[in-house]
Amino acid sequence: MFKLEKSKLLISASAVSLAALFAAGCMGNAAPSNTSYATAGDIAGGVVYPIKNGQTGPYAVNEKALDNSVYQGRVPTANELKAWDKDIQAGGVGLPEGEGSVEEGEEIYESKCVMCHGDFGSGGGGYPSLSKGPAAEGQATLTNNRWKDPEADGPSRYFGSYWPEASTMWWYIKDGMPHPKSKTLTDNEVYALTAYMLAINELSVGDVNVGEDDEFVLSKDNFKDIIMPNKDGFEPKVHGKDGLNNVRKYFAVPENFGAIKVKEDERCMTNCQDTDNIVRVANGGISDFHPPMSVERSMPKENHGMAVTTKKDPVATYKANCSMCHDSYLAPGSSEWAAYTGKGMDKVYANAIAGTPGGMPAKGGSSLSDSDFKLVVNYIVSGKVK
Amino acid sequence: MDNKKSEKDLEVSSRRNFFKKTAVMSAAALAGTTLSASEDDHAIIHHPKWGQTWGDPITKNLYGVPSKYEHNVTRRYTKLLASGNYRASIAVTPIHESEGIITPNGLFFSRSHGGVAHVDPNEFRLMIHGMMKKPIVLTLDQLKRYPSVTRTHFIECPANGGQEWRAPQFNSLQFSKGFMSCAQWTGVYIKTILKDLGLDMEQAKWMLAEGSDNSEMGRTLPIDKVLDDAMIVWGQNGEALRPEQGYPVRLLVPGWEGNLCVKWLKRLEFSNEPWYAKEETSKYTALKPSGKAIQHFYANEVNSTVVKPSPEKPWTDLKAGDVVEIEGLAWSGMGTITKVDLSFDGGNNYVEASLKGLVLPKCWTRWSYLYTIPKDFRHNGKQMILTSRAMDDAGYIQPTVQQEVDVMGVESVYHRNGVESWEVNEKGEVNHVQIRKV
């Protein structure tokens, strides 16, 4: 049985070890009375408000509610645990049996992923790039900073160049992809897609450069041999037995994360800046706001008091629901449509209304009637409103 | 840095201000009594139609809605942040219209990674397991049987202001700072539930929180926070969470990255190692000029902004001599706001503002400064630039824009808390600016 005293011990122990790292007097001497309960010791560099004398910070607490047992619920069954405990940890801990090749992965990618993530994971259509080139080249850009040289390229953050663990990719594909219809891929398909991700990022598994080996098969057994170039690109180190202490130490030093501590009565009040250069929003800035920015409290006159019109025309539905993918793939009026319309419009309508395994959501995620949505389909296929 | 001297100056100037203000006010009062309006006000002379006809019966709008005239007070989105067909995207809060420290539920910023899930509360289950003697499954009713606590906390997306590392991009308060909201949450401390489960305190160092939504959004929390003030919440401003906020149940991690407050919660698992979920490596990590990125960057640091005036609601109706309240918000995920200072010259010289209302830990805090509008909105001969700077009881103070980018560079996306500046031009229009070397 877990005892509360033990948790108190753990918290106070970390507070003690941290106390030495905090500059004496950093709490100031004029804090409002309701914050006088604050003590150093938050793992993230802040203060905590221990529950003491029926109080935490300014809040009153019923401490009996914390000391008494109020057990509800039941123990999960083995099958229930198996059904939900499917996370994958670093190095592939938790992976199920299975395997898939780069070739198989490419085939699945072309049918279920390319419409959003682009050819070879190049991105576009509002979805992230899965590769922007060989991992090692991408990783070399991580020190790029457009502050020192505004004309330079920025850092290139993608799977191969940036992510510390490949387990993250497997887990996310399994849980979250394809985005409009998640959790529909088999374990073998996820291995194959992950293998394809390794290939387009030119990552290595052991001494095999997967980018040069279409027949490479990724499996539960060799997953741990995936080499992620940016594995050590993160701070503090959270893995291993010192993980928590590393975090505590890291955030106890404000300079590590761009923060500044100062005593209240020593803060700068006059001549605080070494520059008076004003940088303004260029060219009006980003103003593509929906709905358009307004603080008017009059009602639009033409609508007789109705705030917004709800009737949708096909183009508006297209823009709201379809353009994100279809602007770059099977765009309105595109000749690519010939490959689909050849089988008859009824088939196209049926796919559009029911959704497709490739990730097209039913009716594009709109709530239109079938007949209204067919007008949208007509527009996307022909590029014209009839 | 000669603070004692500046305080004395402040005292003298506030005494002078008092006499000046008194003079202005008497002049205005005098003017009011002697000046007759040129035209009668129609709004006074005639009965309004709402005063001469039946209003709505109480049977209408049994769940109330805002006045139809408030239709522009709404969340907004932009295509720039429209990833995933608006299903991995954000709609932000109109903080230029906010009052007090509570965001109404319908205006609370909305962020999801796989769309807003609509969870059937009858099929809601919460599973807590891993490194404990007695794992547990709870229904919603069972969860709500635990002794509850109610706390007022902000939730802030750590990318709030994250588009503006290199320069200001939005001439808008809603889009510059509206990736956050504040509400009164009701739920149970996780430590209250753990008490009965026999957690192995030697082994359990990290907790995974996982959502049941389309993206199964997950994040890792350190045990320190789990045993301090992390909560599982079902109540928001006195009612059930809205679907956009994770109905029926979300995690609330006071003061820390909004992304850690996992919505549509289904599972908590304990382990001796962290997880490396997608949203704690590929995103929500802050790249520094060294090429190393900060991971597990939990707390939203001390921050503030002027809220009134704003680009959306400027001072174009005010003239020299008018007395106006400059108002703002300050917040810190590290503790409680202790001081807010206000500058009229972009952060070179500061005077202390007053905190007002409730001053709570890890919560929006309102601040106020009464000000007499100078001629052409010029302060000491220069166009006025309003800059606020907050401190918290952990001892942190907001850095200048330059101080922050000198350490963090301009590519880190997350956790930007350098001071915000708002220039008031000669017409009283308000424009977002930054004071920095380049």
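## A hairpin in chain B

Gln236(B), in strand β10 of chain B, has Glu239(B) of β11(B) opposite it, in a model that is predicted. This pair belongs to the contact between β10(B) and strand β11 (residues 239-240) of chain B, which run antiparallel and are joined by two bridges. The two strands form a hairpin with two residues between them, and in the turn Asn237(B) adopts a positive phi of about 50°.

## Other partners of β10(B)

Strand β10 covers residues 231-236 of chain B, and five of its six residues are buried. Besides β11(B), it pairs in the antiparallel sense with strand β12 (residues 250-252) of chain B over three bridges, where Met231(B) lies opposite Leu252(B). Strand β7 (residues 180-189) of chain B also runs antiparallel to β10(B), with five bridges between them, and here Val188(B) is set opposite Ile232(B).

## Where chain B meets chain A

Across the interface, 128 residues of chain B are in contact with 115 residues of chain A. On the side of chain B that touches chain A, helix α8 (residues 401-408) of chain B provides the largest share, six residues. By class, this side of chain B comprises 51 nonpolar, 44 polar and 33 charged residues.

Strand pairing also links the two chains: strand β13 (residues 289-290) of chain A and strand β1 (residues 77-78) of chain B are antiparallel and share two bridges. In this pairing, His290(A) has Tyr77(B) in β1(B) as its bridge partner.

Methods. Residues numbered from 1 in each chain as written. Chains lettered and ligands numbered in written order. Predicted model: local features only at pLDDT ≥ 70, side-chain atom pairs only at ≥ 80, totals over all residues. Contact = placed C-beta atoms within 7 Å. Helix = DSSP H or I, 4+ residues; strand = E, 2+ residues; numbered from the N terminus. Nonpolar A, V, L, I, M, F, W, Y, C, P; charged D, E, K, R; others polar. Pairing = 2+ DSSP bridges. Buried ≥ 20, exposed ≤ 12 C-beta atoms within 10 Å, placed from the backbone.
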